[in-house]
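User: I am new to this structure and would like to go through it step by step. Could you take my questions in turn, with the reasoning behind each answer?

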Amino acid sequence: MNADVPWDEFNPADYISHNYRSVFPADAEIIAIVRDHFSDHFRRFPGRQVRGIDVGAGANLYPALAMLPWCEEITLLDWSKRNVGYLRDQLDSYDENWDAFWRSLCRNDGYAAYPHDPRERFKQIVRVEQGDLFHLAGREGRWNLGTMFFVAESISTSETEFEQAIKCFFHQLEPGAPFAAAFMEESEGYEVGGLHFPAYSVRRRQIRRVLRRHARGLRTTSVGKQAKVRDGYKSMIVARGYRRT
Ligand SMILES: C[S@@+](CC[C@H](N)C(=O)[O-])C[C@H]1O[C@@H](n2cnc3c(N)ncnc32)[C@H](O)[C@@H]1O
């Protein structure tokens, strides 16, 4: 079960060195898809500034950077003390490895035209919250834009918790809110800093089936089959759409 996993021992430095020291091909594909989805949506609402949330943010800033141009406030939610510590340390001036992710986003005009220094703006509008995505009661529909990357399938081996995590993610979003989510397909779990973390082995068809309960305009794409970041999974799936009304 998710609550039995030693999340406080998740080592963010090791996780970053394996996954985010530079932009790997799969992340470049994900970034291209997500930035186009968000920027196509917000182009229709010039000047609109919303509240964004990245659920299970961990040691990954690029979902937050993908939301930055349209947000007046971004919440980074995570359960792990060490990941929350990493995120808080990034607020003042995030590390240089994230600059390449911002440059990838800037291949879309919606990001290239952003009038602020992203590092400065990140510091102003991002808030980090230690919390459990399964217990966010009382704030349903609070956020207008959301991301959840490598979380629902990567926090336990339980199918029920996989489905529940997706449900909880959507409940935090207002109806109609754009979202992006990423999944490891058929993951056997993963190592971080010498510790094994669990995963629920899920296929694309099931990801789509569960997402369709909560989303409209759903699109899913498999990425990164050619250049894998590790063994023990089939592909990454990036999903996007809007919370069902
Ligand atoms: C595989 S990592 C993904 C991190 C990051 N989103 C990324 O894209 O690399 C899973 C994350 O979920 C967080 N997590 C696990 N259980 C959680 C829960 N119940 N509520 C909130 N976050 C949780 C972990 O601390 C970890 O940061």
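**Strands, rings and ligand**

Analyst: A place to begin in this predicted model is strand S9, where the bridge partner of Pro178 is Tyr242.

User: Which strand does S9 pair with through 8 bridges, and how do the two run?

Analyst: Pro178, whose partner in S9 is Tyr242, belongs to a strand that covers residues 178–185. The 8 bridges join that strand to S9, and the two run antiparallel, so the strand asked for is S5.

User: Which residue of S9 is the bridge partner of Val223?

Analyst: Strand S8, residues 215–223, is joined to S9 by 7 bridges, and these strands also run antiparallel. Within S9, the residue that partners Val223 is Met236.

User: How many residues of strand S9 are buried?

Analyst: Strand S9 spans residues 235–243 and is largely enclosed by the rest of the structure. That description follows because the buried residues number 9 of the 9.

User: Why is the pair of Phe42 and Trp70 called stacked, and how far apart in sequence are the parts that it ties together?

Analyst: The structure holds 23 aromatic pairs, and in this one the ring centres of Phe42 and Trp70 are 5.2 Å apart with the planes at 15°, which is under the 30 degrees required, so the pair is stacked. Phe42 counts as buried because its relative accessibility is 4%, and Trp70 likewise counts as buried at 9%. Since Phe42 lies in helix H2 and Trp70 in the loop between helix H3 and strand S2, the pair ties together parts whose separation in sequence is 28 residues.

User: Is the pair of Trp102 and Tyr111 stacked or edge-to-face?

Analyst: Trp102 is buried at 11% relative accessibility, and Tyr111 is buried at 1%. Their ring centres are 6.0 Å apart, and the angle of 75° between the planes is over 60 degrees, so the pair is edge-to-face.

User: Which residue lies over the face of Phe45?

Analyst: Here the contact involves the face of a ring, that of Phe45, rather than a pair of rings. At 4.0 Å from the ring centre lies Arg48.

User: How much of the area that the ligand exposes when taken alone does the protein bury?

Analyst: Of the 21 residues around the ligand, those that come nearest include Tyr15, Gly56 and Asp78. A polar side-chain atom of Asp78 lies 2.6 Å from a ligand oxygen atom, while a polar backbone atom of Leu133 is 2.9 Å from a ligand nitrogen atom. Taken alone the ligand exposes 600 Å², and the share of this that the protein buries is 99%.

Technical notes
Residues are numbered from 1 along each chain as its sequence is written. This is a predicted model: local features need pLDDT of at least 70, side-chain atom pairs count only at pLDDT 80 or more; totals for chains, interfaces and linings use all residues. Side-chain values use heavy atoms; hydrogens and water are left out. Rings of Phe, Tyr and Trp (its six-membered ring) pair if their centres lie within 6.5 Å; planes under 30 degrees apart count as stacked, over 60 as edge-to-face and the rest as tilted. Helices (H or I, at least four residues) and strands (E, at least two) are DSSP runs, numbered from the N terminus. Buried means under 20% relative accessible area, exposed over 50%, partly exposed in between (1.4 Å probe, protein chains only). A charge sits over a ring if NZ of Lys or CZ of Arg is within 6 Å of the ring centre and within 35 degrees of the ring normal. A residue is near a molecule or strand if one of its heavy atoms lies within 4 Å of it. A polar contact is a pair of N or O atoms within 3.5 Å; within protein, one must be able to donate a hydrogen and the other to accept it, and residues adjacent in sequence count only if both atoms are side-chain atoms. Accessible areas come from the Shrake-Rupley method with a 1.4 Å probe; for residues, only the protein chains shown count as cover.
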